[in-house]
Amino acid sequence: MLQAVGQHVARHGISVLLTSPGAADLSWQSLLDCRIVRSIEERSEREMRATGRRRDIADRPTYTDLASHPVDPPADPGTPHRLELVREGSLEEVACEGCEAGRRTCARCTGNGRLTCDRFVPCDGCGGGIDACWECDGTGRPRRRGRRTDPRPVDGPQRARCSRCHRADAACPKCLGKGRMDCSVCRATGFVECSACRGAGRVRHTECAGTGLFTTWTGAVISHTPDARKVEEPAPLYIRPATDGAGDWRRTILTSATDKLPDDLEPAHRAMIDRHLAVSKNEVGRRVTIRHLPLARVTAHADPDRVYFAFPSSTGIKVLERPSKQRVVRFSAIASTTIAVAVLLLLLVVVVLN
Ligand SMILES: [Zn+2]
Ligand SMILES: [Zn+2]
Ligand SMILES: [Zn+2]
Ligand SMILES: [Zn+2]
Ligand SMILES: [Zn+2]
């Protein structure tokens, strides 16, 4: 790495052998990107009931003792998985108690299939009252004290012959003195079909979905749920694109708690990861993906204006340079001095002009 940095320093016209003692300072600032995903298992059991005959439930795998039931560890700890089981011998089909073969008596018509309806409705021409006929008031028997006073306006509608008392020019022309008309809904039969059961008298039992039976069983669920966390040491922002893109990251994957961390990991990073590696409660699988990139920060005494960062890439050691803090401070000092001089000159000009 020092050699590679030496070549960069030489480009600035500074000739120095960085590998000789005291010529350069090198400190490691390696990068780490570690992702840990565990699969956590949970087992639960409860009584179940479903409507109808359930082949899909009968086809489920069975168990006898849930706690000791063997289950394969997850192939991929990052993917959630759910296994549904039926306790051996617990599957039963029981008849529904609220119906017969999925159907029950219609509550609306109490099983008759039809509902009563008035056969007649009041006449909407005379209102169904005494105006039905001015001779007999719609009764068929002419009133003893003669005809009622004609209440109709001069140009009112014509009256008809009464079908009850047979007097001419006396009855409502719509009902001909009857005061009522046939009901159009039941066509004067007195009954209509029950709309709840469409005349059948029986309806589908909703509780058992019309199947007339329930499937009952003791069911268990064994679930594998991923639990992910991240441990990282990212690069400073000003060199991150280069290290993320060109960096030749070293990659290690651990799949069990006994797998060893890579030997070339920095001690600080090893400690950071170690804190997260203890076996969790109900852990049944894990995948620890460790990516790390050795990154050296190099300063050369003969080149105080620059700081160099070196890291391995697919095409050899890559070197990036940044202005040193010292240089940045110097530059800003020069800049402020320049501004101060400019302000003074301006003041001088103003004074002279006045
Ligand atoms: Zn039922
Ligand atoms: Zn009428
Ligand atoms: Zn009449
Ligand atoms: Zn009716
Ligand atoms: Zn009905």
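Modeller: Donors here are N, O and S atoms within 2.8 Å of the metal. Keep in mind that this is a predicted model.

Biologist: Okay, so what makes Cys96, Cys99, His205 and Cys208 donors of the zinc ion (ligand 1)?

Modeller: Set the distances against that cut-off of 2.8 Å. The atoms are SG of Cys96, Cys99 and Cys208 plus ND1 of His205, and they lie 2.0 to 2.3 Å from the zinc ion. That is within the limit, so they count as donors. Along the chain, their spacing reads C-x2-C-x105-H-x2-C.

Biologist: What does the pair Cys96 and Cys208 tie together?

Modeller: Cys96 sits in the loop between β5 and β6, and Cys208 in the loop between β11 and β12, so the pair links parts that are 112 residues apart in sequence. Both cysteines are buried, too.

Biologist: Why is the site of the zinc ion called tetrahedral?

Modeller: Four donors get that name if all angles lie between 85 and 135 degrees. Here the angles among the four donor atoms are 100 to 115 degrees, so the site passes as tetrahedral.

Biologist: Switching topic, which elements give two or more residues to the largest nonpolar core?

Modeller: Those are β2, α4 and β14. The core has 12 residues in all, including Leu32, Cys34 and Ile36. β2 gives the largest share, three residues.

Biologist: And how do you know that Ile36 touches Val231 and Leu277?

Modeller: Contact means heavy atoms within 4.5 Å. Ile36 meets that with several residues beyond four places away in sequence, among them Val231, Leu277 and Val288.

Note on methods:
Residues are numbered from 1 along each chain as its sequence is written. Chains are lettered from A and ligands numbered from 1 in the order in which they are written. This is a predicted model: local features need pLDDT of at least 70, side-chain atom pairs count only at pLDDT 80 or more; totals for chains, interfaces and linings use all residues. Side-chain values use heavy atoms; hydrogens and water are left out. A nonpolar core is a set of buried Ala, Val, Leu, Ile, Met, Phe, Trp, Tyr and Cys residues joined through side-chain atoms within 4.5 Å. Buried means under 20% relative accessible area, exposed over 50%, partly exposed in between (1.4 Å probe, protein chains only). Helices (H or I, at least four residues) and strands (E, at least two) are DSSP runs, numbered from the N terminus. Donors are N, O and S atoms within 2.8 Å of the metal (3.2 Å for Na, K and Ca); water is not among the atoms, so sites may look incomplete. Four donors count as tetrahedral if all angles lie between 85 and 135 degrees; four count as square planar and six as octahedral if opposite donors are over 155 degrees apart and all others between 65 and 115; anything else is irregular.
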